[in-house]
Amino acid sequence: MQSHNGSEFNPARPKESILQMVRDGTEGTRDGDGLKQLLAKYGNYYEAFRGYNSGSVNKGNLNDPVGATGDYVQKAANRLMGHSWPGM
């Protein structure tokens, strides 16, 4: 998971560093929000995903990447619903 100034992978402590990376992305860091704060802010996962990926949300078009990955919200929503396919 990505986070603002969060933990990085440490090959000497892979399990611990990955767990901390997931925590940082979910719970946020002192420098930026995680999914938990963004869900509370926007009230739905779709806008929270866009805010998580790009730092801002165009509520009229969640595929507007605002400088980030255009199809991030669509792919995250599909994965949450259990949908996946090759090349996804």
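**Notes on a four-helix model**

1. Val66 lies in the loop between α3 and α4, where helices are DSSP runs of H or I with at least four residues, strands are E runs of at least two, and numbering starts at the N terminus. Its phi is near 45°, a positive value in a residue other than glycine. Val66 counts as partly exposed because its relative accessibility is 34% (buried is under 20% relative accessible area, exposed is over 50%, and partly exposed is in between, with a 1.4 Å probe and protein chains only).

2. A word on what you are looking at: this is a predicted model, in which local features need pLDDT of at least 70 and side-chain atom pairs count only at pLDDT 80 or more, while totals for chains, interfaces and linings use all residues. Residues are numbered from 1 along each chain as its sequence is written, and side-chain values use heavy atoms, without hydrogens or water.

3. On confidence, the protein has a mean pLDDT (the predictor's confidence in each residue, from 0 to 100) of 90, and 99% of its residues reach 70 or more. Helix α2, residues 35-42, has the highest confidence with a mean of 95, whereas α4 has the lowest with a mean of 86. Please keep that value for α4 in view when you come to points 6 and 8.

4. The overall layout is easy to follow. The protein has four helices and zero strands, so you can read its elements from the N terminus as α-α-α-α. Taken along the principal axes, the box filled by the C-alpha atoms is roughly 45 × 35 × 20 Å. Of the 88 residues, 25% are buried. The protein exposes about 6,000 Å², 50% of which is supplied by carbon and sulfur atoms (Shrake-Rupley areas with a 1.4 Å probe; for residues, only the protein chains shown count as cover). Among contacts (heavy atoms within 4.5 Å) between residues at least 6 apart in sequence, 21% join residues at least 24 apart.

5. Helix α3 deserves a look for its rings. The structure holds one aromatic pair, formed by Tyr45 and Phe49 and tilted, with 6.2 Å centre to centre and 35° between the planes. (Rings of Phe, Tyr and Trp, the last by its six-membered ring, pair if their centres lie within 6.5 Å; planes under 30 degrees apart are stacked, over 60 edge-to-face, and the rest tilted.) Tyr45 and Phe49 are separated by about one helical turn because they are four residues apart in helix α3. The two partners see the surface to unlike degrees: Tyr45 is partly exposed at 48% relative accessibility, while Phe49 is buried at 10%.

6. Helix α4 has Val73, Ala76, Ala77 and Asn78 as its buried residues. What do the buried residues of α4 pack against? They pack against α3.

7. Which residue in α3 has a salt-bridge partner in the loop between α3 (45-54) and α4 (72-80)? Glu47 does, and Lys59 is that partner, with the closest N and O atoms 3.6 Å apart (a salt bridge is a side-chain nitrogen of Lys or Arg within 4 Å of a carboxyl oxygen of Asp or Glu). Because Lys59 lies in the loop and Glu47 in helix α3, the pair ties together parts that are twelve residues apart in sequence. Lys59 is exposed at 56% relative accessible area, whereas Glu47 is buried at 12%.

8. A search of the whole structure finds three salt bridges, including one in which the side chains of Asp71 and Lys75 meet at 3.5 Å, N to O. Here Asp71 is partly exposed at 31%, and Lys75 is partly exposed at 27%. Another joins Glu16 and Arg13 at 3.8 Å, N to O. Both of these side chains belong to partly exposed residues, Glu16 at 42% and Arg13 at 48%.

9. Two further backbone angles are worth checking against your own plot. Asn5 lies in the segment before α1, and its phi is near 55°, a positive value in a residue other than glycine. Asn5 is exposed, with a relative accessible area of 56%. Just after α4, Gly82 takes a positive phi of about 85°.
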